[in-house]
Amino acid sequence: MTLAVRYTSARTLDTAPATLSTPGPGEVELAPAYVGICGTDLHIFHGDMDARVAAPAVLGHEMSGRVVRVGPEVEGWQPGDAVTVMPLRWDDICPACRAGHQHVCQHLDFIGIDSPGAMQQRWIVPASTLVRLPDALPLDRAALVEPTAVAVHDVGRAEVAEGEKVVVVGGGPVGILIALVARAAGADVRVVELSAHRRLLAEELGLATWDPAADDVPALVTQWTGDAGADVAFEVSGAAGGVDTAVDVLGVRGRLCLVAIHPRPREVNLHRFFWRELTLVGARLYDRSDFERAVALVADGTIPADRLISKVVPLTQAPAAFEALEGGGDVMKILVDCTDDTQGATV
């Protein structure tokens, strides 16, 4: 019997037996090892995505694991291979795909949201979604490749260059990853975060931080940049105040990269966009080159994935882990160990 964590209704998850099928043509069967819980998973848990998610739904898209079986017409993969999954399935015929933007396909199947995800002991996916992992990379750290790929894509969309001044508004997992990737690109980075716990972790990773509750962030940016303003700001907080801060810190022709999912429209100071000729860019998901870059950054330690993992819990304790993450500030990343369904855990 294999087990899966399923979303059944708002604020309700269960752990139930999963139906195990045989991989078909072009498919592989995986044994997920570790699956990260992300902000999108929490949105599903809260019932905010019921119009899109068909319950009961197996969650999870930040994962690492190994190939168990390969289906017909699959080449280049064999049982035992260490992999992660780029959880995107596109149609290749819509205008976005035809323009070369498959990752924002107009009929995108985001695996783990629109179709069954990785939080189960066996998982069948298209072989085309597999991304190879180095044998020496521990699988718990490899579970952070997917959110690192998000950060790589975001930094690329913002065109961060060496020597630029970058402000990251929001120091959760993705915000910290963006800051680390931007630093690796040669930028001078500041992280704006309310949580003292998250600021401390960022500082332990060598990142400078500001507390927006105690600090006048725009004034600090003015001082830091010699009155020029930041070159790039990333809005990762998802809060109205975060939007204001991200706009206010930018200098002339600065770039604002919108990363957070805002569930409702926000007021934006468009006069500042006019006055300083600012640019707003959206950043959603990733492509294969972002994933491959993310694997390299995690493998070589540029992304200290082990420092971002707050807890690892067995599959049967995943529902409690979702509740723990609602507290936010004192937890960074919780991984679900899909190889262990027998041991208890404290969350």
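In this predicted model, strand S11 (residues 165–169) runs parallel to strand S12 (residues 188–192), and five bridges join the two. Within that pairing, valine 168 sits across from valine 191 of S12. S11 doesn't see much solvent either: four of its five residues are buried, so to speak of the strand as mostly covered is fair under the cut-off of under 20% relative accessible area.

Zooming out a little, S11 and S12 belong to an open sheet of six strands, laid out in the order S13-S12-S11-S14-S15-S16, with parallel pairing. Strand S13 (208–210) and strand S16 (279–282) make up the edges, each pairing on one side only. Going from one strand to the next, the twist averages 20°. Helix H8 (residues 240–248) lies across S11 as well as strand S14 (230–235) and strand S15 (250–258). Relative to S15, H8 runs at about 145°.

Strand S3 (residues 27–36) has a different set of partners, namely S9, S5 and S18, and is taken up here one pairing at a time. With strand S5 (residues 62–70), S3 runs antiparallel and shares eight bridges; here alanine 31 stands opposite arginine 66 of S5. Strand S9 (residues 123–126) is also antiparallel to S3, joined through four bridges, and glutamate 27 faces proline 126 of S9 in that pairing. Then there is strand S18 (residues 333–337), which pairs with S3 in the antiparallel sense over three bridges. In this last case valine 35 has valine 336 of S18 as its bridge partner. Like S11, S3 is mostly covered: eight of the 10 residues in S3 are buried.

As for the protein as a whole, the count comes to 12 helices and 18 strands. The radius of gyration is 20 Å, close to the 20 Å that the globule rule gives for 347 residues, so the protein is as compact as a globular protein of that length. Taken along the principal axes, the C-alpha atoms fill a box of roughly 60 × 45 × 40 Å. Of the 347 residues, 53% count as buried. The exposed surface comes to about 14900 Å², with carbon and sulfur atoms supplying 49% of that area. Contacts across the sequence feature heavily too: among those with a separation of 6 or more, 69% link residues 24 or more positions apart.

How far can the coordinates be trusted? The pLDDT averages 95 over the protein, and 97% of the residues score at least 70. Residues 343–347 are another matter, with pLDDT below 50. Beyond near neighbours in sequence, this stretch still has 13 contacts in the model. Where pLDDT is low, though, predicted coordinates shouldn't be read in detail.

Conventions:
Residues are numbered from 1 along each chain as its sequence is written. This is a predicted model: local features need pLDDT of at least 70, side-chain atom pairs count only at pLDDT 80 or more; totals for chains, interfaces and linings use all residues. Side-chain values use heavy atoms; hydrogens and water are left out. Two strands pair if DSSP finds at least two bridges between them. Axes are lines fitted to C-alpha atoms, for helices over the stretch in contact, and angles run from 0 to 180 degrees between N-to-C directions. Contact means heavy atoms within 4.5 Å. pLDDT is the predictor's confidence in each residue, from 0 to 100. The radius of gyration is taken over C-alpha atoms; the globule rule is 2.2 Å times the number of residues to the power 0.38. Buried means under 20% relative accessible area, exposed over 50%, partly exposed in between (1.4 Å probe, protein chains only). Accessible areas come from the Shrake-Rupley method with a 1.4 Å probe; for residues, only the protein chains shown count as cover.
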